[in-house]
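User: Hi, I have a protein model open and would like some help reading it. Could you go through it with me in plain words?

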Amino acid sequence: MAKNLVDLLWRDSAAETSSRRGPRARHSTDDVVTRAIDLADADGLAAVTIRALAQALGLTPMSIYTHVNSRADLLVLMADAVHGQRAPSGDADGWRARVRLVAAHNLALYRAHPWLLDVHDPRTALGPGTIATYDRELRVFDGLGLDDVERDAALTFVREFTRSAAARLRDAAEAEDFAPIWADAAPRLASYLGDDYPLAQAVGRAAGEAMGGPSDADAAWEFGLARVIDGLAGLIETRDAAP
């Protein structure tokens, strides 16, 4: 019989644990989720199939379905488990430093588990790991005069920027090193452009020399995060100035 996803997500809660009956299975749902995360970390999300998971655990595919209803539900369980492992925000001096810490922890999470960028199921918001992290990260805006909706929007702003930057960093890491290509192409390209597009050439040349290519994901991360924090400062300072 299929089990409700919320019950699966909260399987370690006191209420859910006390309701369990019957003999203990050879592998727990936690075992299934952990092994699925290992597969995804090693070979990407495409490697996580019910058949591959069953083989890794020495089970039949049907046995996996006694723990999870579907692959889609499994991905939600995996994402929530990873969110639950996230390091706490810790102490930082001032809200700007706290926001930077949250962004850095999110970026580290995506770098450790790149497949998480490919999980877009909104049901992850129902899980204990995700909710605990959300509650913890909201606290970076304590004492800043934001109402509940603004606080949620501010955190979403930081998270979405970080997710986008993490995807760009992942793509950059997977791409061939562009530096030697740029070194060969830049003078050839300049000869074709001549005096056309002077601004693009001047800025592109300066940026290309500084970054060793047409873009630098790490530089974009630092620049973008600073702008995100500046944008939040405008909102927060407005609240501070309010009577």
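Analyst: What follows is a walk through this model, beginning with the overall picture and then turning to some helices and single residues. This is a predicted model, in which local features need pLDDT of at least 70 and side-chain atom pairs count only at pLDDT 80 or more, while totals for chains, interfaces and linings use all residues. Residues are numbered from 1 along each chain as its sequence is written, and side-chain values use heavy atoms, with hydrogens and water left out.

User: OK, how many helices and strands does the protein have?

Analyst: The protein has 12 helices and zero strands, where helices (H or I, at least four residues) and strands (E, at least two) are DSSP runs, numbered from the N terminus. Read along the sequence, the pattern is α-α-α-α-α-α-α-α-α-α-α-α.

User: And what share of the residues counts as buried?

Analyst: Of the 243 residues, 34% count as buried; buried means under 20% relative accessible area, exposed means over 50%, and partly exposed is in between, with a 1.4 Å probe and protein chains only. The accessible surface of the protein comes to about 14,100 Å², and 57% of that belongs to carbon and sulfur atoms; such areas come from the Shrake-Rupley method with a 1.4 Å probe, and for residues only the protein chains shown count as cover.

User: What about contacts, how many link residues 24 or more positions apart?

Analyst: Among the contacts in the protein with a separation of 6 or more, 73% are between residues 24 or more positions apart, and contact here means heavy atoms within 4.5 Å.

User: Let's pick a helix. Is H6 largely enclosed or not, and why?

Analyst: Helix H6 is largely enclosed by the rest of the structure, because 10 of its 14 residues are buried. The buried residues include Asp 73, Leu 74, Leu 75, Val 76 and His 83, and what covers the buried residues of H6 includes H1, H3, H4, H7 and H8. H6 runs over residues 71–84 and reaches 20 Å from its first C-alpha to its last, close to the 20 Å expected at 1.5 Å a residue; the expected span is 1.5 Å times one less than the number of residues.

User: You listed H3 there. How do H3 and H6 cross?

Analyst: The axes of H3 and H6 come within 9 Å and cross at roughly 85°, axes being lines fitted to C-alpha atoms, for helices over the stretch in contact, with angles from 0 to 180 degrees between N-to-C directions. That makes H3 roughly perpendicular to H6, a label for angles of 65 to 115 degrees.

User: Which residues meet there?

Analyst: Val 32, Val 33, Ala 36, Ile 37 and Ala 40 in H3 meet Leu 74, Leu 77, Met 78, Ala 81 and Val 82 in H6. By type, the residues of this contact of H3 with H6 divide into 10 nonpolar, no polar and no charged; Ala, Val, Leu, Ile, Met, Phe, Trp, Tyr, Cys and Pro count as nonpolar, Asp, Glu, Lys and Arg as charged, and the others, Gly among them, as polar.

User: And at what angle do H3 and H4 pack?

Analyst: Helix H3 (residues 29–43) and helix H4 (residues 50–57) pack at an angle of about 110°, with their axes 10 Å apart, and H3 and H4 are therefore roughly perpendicular to each other. On the H3 side the contact involves Asp 31, Val 32, Arg 35, Ala 36 and Leu 39, and on the H4 side Ala 52, Leu 53, Ala 56 and Leu 57. The residues of this contact of H3 with H4 divide into seven nonpolar, no polar and two charged.

User: Switching to single residues, is Thr 162 buried or exposed?

Analyst: Thr 162 is buried, with a relative accessible area of 0%, and its place is in helix H9. Leaving aside neighbours within four places in sequence, Thr 162 is in contact with Ala 103, Asn 106, Leu 107, Tyr 110 and Trp 221.

User: Where is Thr 124, then?

Analyst: Thr 124 is found in the loop between H7 and H8, and at 13% relative accessibility Thr 124 counts as buried. Not counting residues up to four places away in sequence, Thr 124 touches Val 76, Ala 79, Asp 80, Val 119 and Thr 130.

User: Last one, what is phi of Tyr 197?

Analyst: Phi of Tyr 197 is near 50°, a positive value in a residue other than glycine. Most residues other than glycine have a negative phi. Tyr 197 lies in the loop between H10 and H11, and at 59% relative accessibility Tyr 197 counts as exposed.

Technical notes. Angles under 35 degrees count as roughly parallel, over 145 as roughly antiparallel, 65 to 115 as roughly perpendicular and the rest as oblique.
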